[in-house]
Amino acid sequence: MTDIKELLLSRIRDVADYPEPGVMFKDITPLLADPAAFTALTDALAEIAERTGATKVVGLEARGFILGAPVAVRAGLGFIPVRKAGKLPGATLGQTYDLEYGSAEIEVHAEDLTADDRVLIVDDVLATGGTAEAAIQLIRRAGAEVSGLAVLMELGFLAGRPRLEPALEGAPLEALLVV
């Protein structure tokens, strides 16, 4: 695992003062542009999907789509996008959550999930955990079970893990990198 961590870290670029002064943004686009690194990331996340017994992969808008879709294909599972409110056609199930300043809402097509589904949530970064917590609630409201949460990178200093562990109810939270 050390080799993959080194590979992934070597392809993540720090961008100072983005999107605002004082923030060190972790840019994963160089990782996505490198076929070896992107394949290694996809394989590692697909292994988590298989280990957790997932039947579907949920990707959180927007970078979770980029990571989750190839994971689902690699693991032979269905892929379900969780989108910002108003982006999916037809009947949806929504979940509101709090942001630092205000609130937001995410949605899913409820008919895409069933009581037989075990869902692995995939995203690029775990920060404060608000979006992931809302996704957990949304998946359960749709009648499915959460098999786990897998992220490329956990920003440990933002304390998302302690927030999510009670919501996960024993399902694993796996971060390939913790920064």
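## Overall architecture

Of the 179 residues in the chain, 44% are buried. The structure is a predicted model, and its chain contains six helices and nine strands. The radius of gyration is 16 Å, close to the 16 Å that the globule rule gives for 179 residues, so the chain is as compact as a globular protein of that length. The C-alpha trace spans about 40 × 40 × 30 Å along its principal axes.

Contacts can also be sorted by separation along the sequence. Among contacts in the chain with a separation of 6 or more, 62% join residues that are 24 or more positions apart.

## Surface and charge

The chain exposes about 8600 Å², and carbon and sulfur atoms supply 54% of this area. The chain carries 16 positive and 27 negative side chains. The centres of these two sets lie 2 Å apart.

One of the acidic residues, Asp116, is found in the loop between strand 6 (102–108) and strand 7 (118–126). Asp116 has a relative accessible area of 69% and counts as exposed, because the cut-off for that class is over 50%. Asp116 and Glu133 are 17 residues apart along the chain, and their C-alpha atoms are separated by 21 Å.

## Aromatic pairs

The structure holds two aromatic pairs. Tyr18 and Phe25 form an edge-to-face pair, with 5.2 Å from centre to centre and 80° between the planes. Both partners are accessible in part: Tyr18 is partly exposed at a relative accessible area of 44%, and Phe25 is partly exposed at 24%.

Phe65 and Phe79 also form an edge-to-face pair, with 6.4 Å centre to centre and 85° between the planes. Phe65 lies in helix 4 (residues 63–75) and Phe79 in strand 4 (residues 78–84), so this pair ties together parts that are 14 residues apart in sequence. Phe79 has a relative accessibility of 27% and counts as partly exposed.

## The loop between strand 1 and strand 2

Most residues other than glycine have a negative phi, and most peptide bonds are trans. Against that background, the loop between strand 1 and strand 2 deserves attention. Asp17 is found in this loop, and its phi is near 60°, a positive value in a residue other than glycine. Asp17 counts as partly exposed at 49% relative accessibility; the class begins at 20% and exposed means over 50%, so Asp17 falls within the partly exposed range.

Pro19 is placed in the loop between strand 1 (13–16) and strand 2 (24–27). The peptide bond from Tyr18 to Pro19 is cis, with omega near 5°. Tyr18 therefore takes part both in this cis bond and in the edge-to-face pair with Phe25.

## Further backbone features

A second cis peptide bond runs from Glu61 to Ala62, with omega near -5°. Ala62 is found in the loop between strand 3 (56–60) and helix 4. Helix 4 is also the element that holds Phe65 of the aromatic pair with Phe79.

Ala159 has a positive phi of about 60° although it is not a glycine. Ala159 is found in the loop between strand 8 (145–154) and helix 6 (160–168). At 41% relative accessibility, Ala159 counts as partly exposed.

Terms used:
Residues are numbered from 1 along each chain as its sequence is written. This is a predicted model: local features need pLDDT of at least 70, side-chain atom pairs count only at pLDDT 80 or more; totals for chains, interfaces and linings use all residues. Side-chain values use heavy atoms; hydrogens and water are left out. Rings of Phe, Tyr and Trp (its six-membered ring) pair if their centres lie within 6.5 Å; planes under 30 degrees apart count as stacked, over 60 as edge-to-face and the rest as tilted. Buried means under 20% relative accessible area, exposed over 50%, partly exposed in between (1.4 Å probe, protein chains only). Helices (H or I, at least four residues) and strands (E, at least two) are DSSP runs, numbered from the N terminus. The radius of gyration is taken over C-alpha atoms; the globule rule is 2.2 Å times the number of residues to the power 0.38. Contact means heavy atoms within 4.5 Å. Accessible areas come from the Shrake-Rupley method with a 1.4 Å probe; for residues, only the protein chains shown count as cover. Lys and Arg count as positive and Asp and Glu as negative; His and the chain ends are not counted. The place of a charge is taken as NZ of Lys, CZ of Arg, CG of Asp or CD of Glu.
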